[in-house]
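Q: Please take a close look at one part of this model and follow it from strand to strand. Start with the chain as a whole, and finish with what lies beyond that part.

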Amino acid sequence: MRHRILGRRAGAGLLLSAVLLAGLGGLARPAGAHGALESPLSRAAACGADSTLSAKAAACRAAAKVSGSVMPGEWDNLRVANVAGKDRAVIPDGKLCSGGLAGFKGLDLARSDWPATTLKPGASHTFEYRGTIAHSGTFRLYVTKSGYDPAKPLKWADLESKPFLKVTDPKLADGSYIFKGRLPSGRAGRHLIYTIWQNSDTPDTYYSCSDVIFKNRATAAPARPAAAAAYQVTSTDGIPWQAGVVMLLVAGAGAAMVIAVRAGRRDPR
Ligand SMILES: [Cu+2]
């Protein structure tokens with residue numbers, strides 16, 4: 001009988017581990033709404049409530065201060081209905097990063113200190129578009145022309161007329177649309193990657209501005225840690241919660257074994 005009670009206690013240890021695990025899983029889950037580009041990091045994602053950057057950049061603070069701002073809370077909700085591919089006719093010059101939406105006006109601020117991701121021109125890159133609500137649709141990514149000046153408001157004429165990458169319905173993994181592509185070549189210094197996600201299951205089109213720094217290096221480091229390093233990464237995506245999970249499992253199993261061994265020793269049999 002004694003050994004049955006001890007067995008129960010071991011079971012309780014494992015159950016506690018499971019409960020803690022479920023809690024961790026909940027913390028790692030996104031808050032909900034629609035999406036924005038996370039690699040290379042967009043202004044909305046960098047300055048949003050779920051940002052991987054712990055210290056908010058001056059540009060983000062300035063954007064949130066613009067009157068009527070819905071940032072950082074609605075970082076994944078930058079969408080315009082019924083554009084249907086006529087982006088250049090609908091979204092006004094100087095308002096590309098806000099999609100012309102008053103609540104996101106702060107993202108149009110022409111400044112050269114937006115958090116930026118360092119990328120190697122012409123290199124292969126794994127793009128990650130966080131999808132807090134899944135949609136089907138096509139992503140089109142444009143890069144600014146040589147001579148782009150980040151201190152001036154972004155105009156359509158600053159972008160190449162053709163996308164350097166176009167992807168329809170990439171796979172959704174871990175809450176992000178993941179697709180590989182080649183980065184534009186022949187660029188150096190600060191540039192901007194403009195992402196248009198035209199939904200096919202809703203009338204909406206999403207817009208993202210990602211500030212990047214093109215730099216030739218011997219090795220291409222992953223984009224997000226490079227961008228995040230300057231501002232320090234924390235929480236959700238920064239901490240490998242899987243490591244915590246493994247530790248808890250090991251601890252739980254260890255406790256169960258110790259209890260079981262003790263129970264075995266004490267068992268008169
Ligand atoms: Cu949505």
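A: Two residues are in contact here if their C-beta atoms, placed from the backbone, lie within 7 Å. The model is a predicted one. In its protein chain, 78% of the contacts with a separation of 6 or more join residues 24 or more positions apart. The chain has 269 residues, and buried residues make up 32% of them. Seven helices and 10 strands are found along the chain.

The part to look at closely is an open sheet of four strands, in the order S1-S4-S8-S7. Strands of a sheet pair through backbone hydrogen bonds, either parallel or antiparallel. In this sheet the pairing is antiparallel. Strand S1 (36-39) and strand S7 (171-173) are the edge strands, each of them pairing on one side only. On average, neighbouring strands of this sheet are turned by 40° against each other, with direction ignored.

Now take the pair S4 and S8. Strand S4 covers residues 124-130, and its antiparallel pairing with S8 runs over seven bridges. One residue of S8 serves as a landmark: Lys180, in the strand that spans residues 176-182. Opposite Lys180 stands Thr126. Once neighbours within four places in sequence are left aside, Lys180 is in contact with Ser124 and Thr126. His125 is 55 residues from Lys180 in sequence, yet the two C-alpha atoms are 5.6 Å apart in space. Is Lys180 buried or exposed? A residue counts as exposed if 12 or fewer other C-beta atoms lie within 10 Å of its own. Lys180 has 11 such atoms, so it is exposed.

Next come the loops at the S7 side. Most residues other than glycine have a negative phi, and most peptide bonds are trans. Two aspartates depart from the first of these habits. Asp169, in the loop between strand S6 (165-168) and S7, has a positive phi near 45°. Asp169 is partly exposed because 14 C-beta neighbours lie inside 10 Å. Asp174 sits in the loop between S7 and S8, and its phi is about 55°, also positive. With 10 other C-beta atoms within 10 Å, Asp174 is exposed.

At the other edge, the chain leaves S1 through a cis peptide bond. This bond joins Ser39 and Pro40, with omega about -5°. Pro40 belongs to the loop between S1 and helix H2 (43-47). A second cis bond leads from Met71 to Pro72, and its omega is near 5°. Pro72 is in the loop between helix H3 (58-65) and strand S2 (79-81).

H2 and H3 can be taken together. The buried residues of H3 are Ala59, Cys60 and Ala63. Seen down the helix axis, these buried residues fall within an arc of 100°, so they line one face of H3. An α-helix has 3.6 residues a turn, so residues three or four places apart point the same way. The buried residues of H3 pack against H2, while Ala58, Arg61 and Lys65 on the other side of H3 are exposed. Cys47 of the chain has contacts beyond its neighbours within four places, including Cys60, Ala63, Met71 and Pro72.

Cys47 is also part of the largest nonpolar core, which has 42 residues. Together with Ala44, Ala45, Ala46, Leu96 and Tyr194, Cys47 touches the most other members. Among the elements that each supply at least two residues of this core are S1 and S4, along with H2 and H3. In soluble globular proteins, nonpolar side chains tend to be buried together.

To finish, consider a glycine away from the sheet. Gly99 lies in the loop between helix H4 (87-90) and strand S3 (117-119). Gly99 is buried because 24 other C-beta atoms lie within 10 Å. Its contacts, apart from neighbours within four places, are Leu78, Val80, Ile91, Phe104 and Tyr207. Tyr206 is 107 residues from Gly99 in sequence, and the C-alpha atoms of the two are 7.9 Å apart.

Definitions and conventions
Residues are numbered from 1 along each chain as its sequence is written. This is a predicted model: local features need pLDDT of at least 70, side-chain atom pairs count only at pLDDT 80 or more; totals for chains, interfaces and linings use all residues. A residue is buried if 20 or more other C-beta atoms lie within 10 Å of its own, exposed if 12 or fewer, and partly exposed in between; C-beta atoms are placed from the backbone. Two strands pair if DSSP finds at least two bridges between them. Axes are lines fitted to C-alpha atoms, for helices over the stretch in contact, and angles run from 0 to 180 degrees between N-to-C directions. The arc is that of the directions from the helix axis to the C-beta atoms. A nonpolar core is a set of buried Ala, Val, Leu, Ile, Met, Phe, Trp, Tyr and Cys residues joined through C-beta atoms within 7 Å.
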